[in-house]
Amino acid sequence: MNLVTRIGSRQSQLALIQTHWVRDELQKHYPEQAFPIVTMTTQGDKILDVALAKIGDKGLFTKELEQALLRHEVDLAVHSLKDLPTRMPEGLVLGAITQREEPRDALVLHPRWQGTLLAELPPGAVIGTSSLRRLAQLRHRFPHLTFKDIRGNLNTRLQKLDRGDYDGLILAVAGLHRLGWADRISEVLDPDISLYAVGQGALGVQCRAGDERVLALLQVVHHRETALRCWAERAFLRQLEGGCQVPIGVHSQLVGDELTLSGVVLSLDGQQRVFGTQTAKVTTEAEAQALGESLAQTLRAQGAEAILQAIFATVGRS
Ligand code: DPM
């Protein structure tokens with residue numbers, strides 16, 4: 001039988017590398033089946049001149065792919081898990097979460113600063129990022145630095161850096177690795193400087209709810225340990241109702257069946273910061289989610305609630 005499973009992907013180089021990885025794994029396990037890739041452009045790829053956070057719409061990089069799934073134009077869609085909203089449209093599910101790569105953020109410097117650490121950059125050095133999470137955490141730790149928005153794909157960003165528009169950029173280690181630019185990493189940022197985004201470094205594979213054939217196929221790319229961590233992280237974010245409009249970061253670690261989740265919520269200016277850590281024995285999705293929700297409740301009570309209210313009052317809730 002010649003089964004065909006169509007895979008939806010964004011067109012960017014990074015998205016295609018990620019999609020090819022999933023496709024190759026599926027092809028390896030199911031050599032007799034066909035896995036054609038269907039590429040599409042998302043809203044997030046088109047709107048390059050407006051700051052990411054100002055666009056406000058959750059699912060900026062995922063909506064077109066989700067619509068193609070619902071219209072049966074594709075059968076699964078590969079996303080960076082961190083771009084996938086924590087609430088999924090009716091009729092779609094997260095069929096697999098792949099093994100996470102290094103989830104931390106990296107500093108990439110202009111060649112003139114080679115060998116310098118973030119903490120050593122002089123006052124006024126210009127750091128490019130369009131992530132509120134990175135911005136608020138760095139403002140908190142390094143208020144003497146200057147921050148400037150940057151958009152576009154990774155190739156464009158590195159060009160802007162190298163032609164001198166910025167002294168440094170903050171980017172995900174995982175994306176730099178996948179594109180073959182690991183040698184541009186000047187420093188991998190530890191949690192005391194930057195907690196990563198929920199799901200960062202893992203891929204999320206979306207499919208239609210109840211599509212048992214595709215759900216069964218996807219088991220070969222699912223990674224249980226990563227999924228337990230990411231379910232906890234996503235529940236934490238969902239409970240705080242944070243899209244990319246709120247500076248929220250996480251750090252997680254699974255040792256045996258002990259899951260430790262840390263989370264941080266900051267004000268946009270980085271002046272207020274509420275941080276906490278909780279550990280629980282976790283073997284199921286529900287237990288992982290309970291840990292994420294519990295940490296979120298705790299942080300709300302410790303001051304995150306006021307931070308969130310202030311942010312929603314200025315930018316509105318999307
Ligand atoms: C989301 C954010 C960013 C991306 C916000 C955040 C970064 C935007 C920026 C939700 N998606 O992280 O706080 O810094 O201007 C994105 C990247 C990857 C997936 C690139 C990056 C690669 C890493 C991965 C953009 N989405 O973060 O450097 O697959 O986890």
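Student: Why is Lys28 called exposed?

Tutor: In this predicted model, Lys28 has a relative accessible area of 57%, and because the word exposed is kept for values over 50%, Lys28 is counted as exposed.

Student: What makes Glu25 buried?

Tutor: The relative accessible area of Glu25 is 16%, and since buried means under 20%, Glu25 falls into the buried class.

Student: How do you know that the side chains of Glu25 and Lys28 meet in a salt bridge?

Tutor: The distance from N to O between the two side chains is 3.1 Å, and a salt bridge asks for a Lys or Arg side-chain nitrogen within 4 Å of a carboxyl oxygen of Asp or Glu, so the pair of Glu25 and Lys28 qualifies. Both residues belong to helix 1, where they sit three residues apart, about one turn of the helix. As a general point, an α-helix has 3.6 residues a turn, so residues three or four places apart point the same way.

Student: What makes the contact between Arg163 and Asp165 a salt bridge, and which class of accessibility does Asp165 fall into?

Tutor: The N to O distance for Arg163 and Asp165 is 2.8 Å, which is to be set against the limit of within 4 Å, and the pair therefore counts as a salt bridge. Asp165 has 27% relative accessibility, and so it counts as partly exposed, because that class takes in what is between the buried limit of 20% and the exposed limit of 50%. Arg163, with a relative accessible area of 60%, is exposed.

Student: Why is it said that the pair of Lys281 and Asp257 ties together parts of the chain?

Tutor: The side chains of Lys281 and Asp257 meet in a salt bridge with an N to O distance of 3.8 Å, a value that still satisfies the limit of within 4 Å. Lys281 lies in strand 13 (residues 273-281), whereas Asp257 lies in the loop between strand 11 (248-255) and strand 12 (258-266), so the pair ties together parts that are 24 residues apart in sequence. Lys281 counts as exposed at 57% relative accessibility, while Asp257, at 28%, counts as partly exposed.

Student: Which residues do salt bridges that share partners join into one network?

Tutor: That network is made up of Arg6, Asp75, Arg208 and Asp211. The count of salt bridges comes to 18.

Student: How do you know that Ser252 is buried, and what polar contact does the side chain of Ser252 make with Glu233?

Tutor: Ser252, which is found in strand 11, has a relative accessible area of 4%, and because buried means under 20%, Ser252 is buried. The side chain of Ser252 makes a polar contact of 2.7 Å with the side chain of Glu233, and another polar contact, of 2.8 Å, joins the side chains of Ser252 and Arg229; the limit for such a contact is within 3.5 Å.

Student: Why is helix 5 described as largely enclosed by the rest of the structure?

Tutor: Seven of the 10 residues of helix 5 (residues 132-141) are buried, so the helix is largely enclosed by the rest of the structure. Among the buried residues are Leu132, Arg134 and Leu138. Arg139 is also found in helix 5, but Arg139 counts as partly exposed, at 33% relative accessibility.

Student: What makes it possible to say that the ligand shell lies between domain 1 and domain 2?

Tutor: Domain 1 (1-99 + 202-222) and domain 2 (105-188) both give residues to the shell around the ligand, so the shell lies between them. Helix 1, helix 5, strand 8 (168-172) and helix 7 (173-178) each supply at least two residues of the shell. The shell divides into five nonpolar, eight polar and six charged residues.

Student: Which of the 19 residues around the ligand come nearest?

Tutor: Those that come nearest are Lys82, Asp83, Ser130, Ser131 and Arg134. A polar side-chain atom of Asp83 lies 2.6 Å from a nitrogen atom of the ligand, and polar side-chain atoms of Ser130 and Arg134 lie 2.4 Å and 2.5 Å, respectively, from an oxygen atom of the ligand. Taken alone, the ligand exposes 630 Å², of which the protein buries 89%.

Terms used
Residues are numbered from 1 along each chain as its sequence is written. This is a predicted model: local features need pLDDT of at least 70, side-chain atom pairs count only at pLDDT 80 or more; totals for chains, interfaces and linings use all residues. Side-chain values use heavy atoms; hydrogens and water are left out. Buried means under 20% relative accessible area, exposed over 50%, partly exposed in between (1.4 Å probe, protein chains only). Helices (H or I, at least four residues) and strands (E, at least two) are DSSP runs, numbered from the N terminus. A residue is near a molecule or strand if one of its heavy atoms lies within 4 Å of it. A polar contact is a pair of N or O atoms within 3.5 Å; within protein, one must be able to donate a hydrogen and the other to accept it, and residues adjacent in sequence count only if both atoms are side-chain atoms. Accessible areas come from the Shrake-Rupley method with a 1.4 Å probe; for residues, only the protein chains shown count as cover. Ala, Val, Leu, Ile, Met, Phe, Trp, Tyr, Cys and Pro count as nonpolar, Asp, Glu, Lys and Arg as charged, and the others, Gly among them, as polar. Domain bounds come from an automatic or database domain assignment.
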